[in-house]
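Trainee: Could you take me slowly through one part of this model, looking closely at how charged side chains pair up and at what packs beside them?

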Amino acid sequence: MKPSRECIAALERFDYLAETLGRDHAESRQALELVMALAPIELQAMMHAKALELGLTPPASGYLADATPVYRLKDVAARLGLSEADASESLKMVKSERAAAGLDNGTIDPESFHWKQ
């Protein structure tokens with residue numbers, strides 16, 4: 001599980017921005033999104049498992065054909081103690097930041113979901 005040069009460069013940029021602008025600054029968050037997108041898949045899986053373990057992420061509501069977990073906004077909002085409206089606004093902000101970082105927002109056809117029963 002060796003990160004790519006691009007991932008390491010993105011992490012260094014994030015560290016710099018977080019130190020100079022703060023972790024909550026939009027540019028810092030964009031840089032972190034890029035780090036996460038470039039991280040090796042094994043590391044992404046480990047981070048997802050840890051988020052579940054710490055209760056930061058609700059259990060998946062369903063899955064895509066490739067086993068990618070799918071979450072309902074209302075479940076995420078409840079887990080984070082937010083209203084659905086606040087969670088929706090946060091999601092819009094994250095999508096905007098991902099787009100600004102040149103990342104795909106992963107629009108998914110709802111027909112491809114396999115909901116848990």
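Mentor: Let us begin with Glu27, which in this predicted model is partly exposed, its relative accessible area being 36%. Its partner in a salt bridge is Arg13, and the closest N and O atoms of the two are 3.8 Å apart; this counts as a salt bridge because the nitrogen has to lie within 4 Å of the carboxyl oxygen. The pair links distant parts of the chain, since Arg13 belongs to helix α1 (residues 5–21) and Glu27 to helix α2 (residues 26–38), 14 residues apart. Arg13, like its partner, is partly exposed, with a relative accessible area of 45%.

Helix α2 takes part in another such pair, for the side chains of Glu33 and Arg98 meet in a salt bridge at 2.8 Å, N to O. Because Glu33 lies in helix α2 and Arg98 in helix α5 (residues 84–100), this pair ties together parts that are 65 residues apart in sequence. Within helix α5 itself, Glu89 and Lys92 form a salt bridge at 3.4 Å, N to O, and these two residues, being 3 residues apart, are separated by about one helical turn. The structure holds 5 salt bridges, these pairs among them.

Turning to what packs beside the charged pairs, the largest nonpolar core has 6 residues, namely Ala10, Phe14, Leu17, Ala18, Ala31 and Val35. Helices α1 and α2 are the elements that give two or more residues to this core, and α1 gives the most, with 4 residues. Phe14, one of the core residues, is in contact with Arg23, Ser28, Ala31, Leu32 and Val35, if its neighbours within four places in sequence are left aside.

Definitions and conventions. Residues numbered from 1 in each chain as written. Predicted model: local features only at pLDDT ≥ 70, side-chain atom pairs only at ≥ 80, totals over all residues. Heavy atoms only, no water. Buried < 20%, exposed > 50% of the residue type's maximum accessible area, 1.4 Å probe, protein only. Core = buried A, V, L, I, M, F, W, Y, C linked by side-chain atoms within 4.5 Å. Contact = heavy atoms within 4.5 Å.
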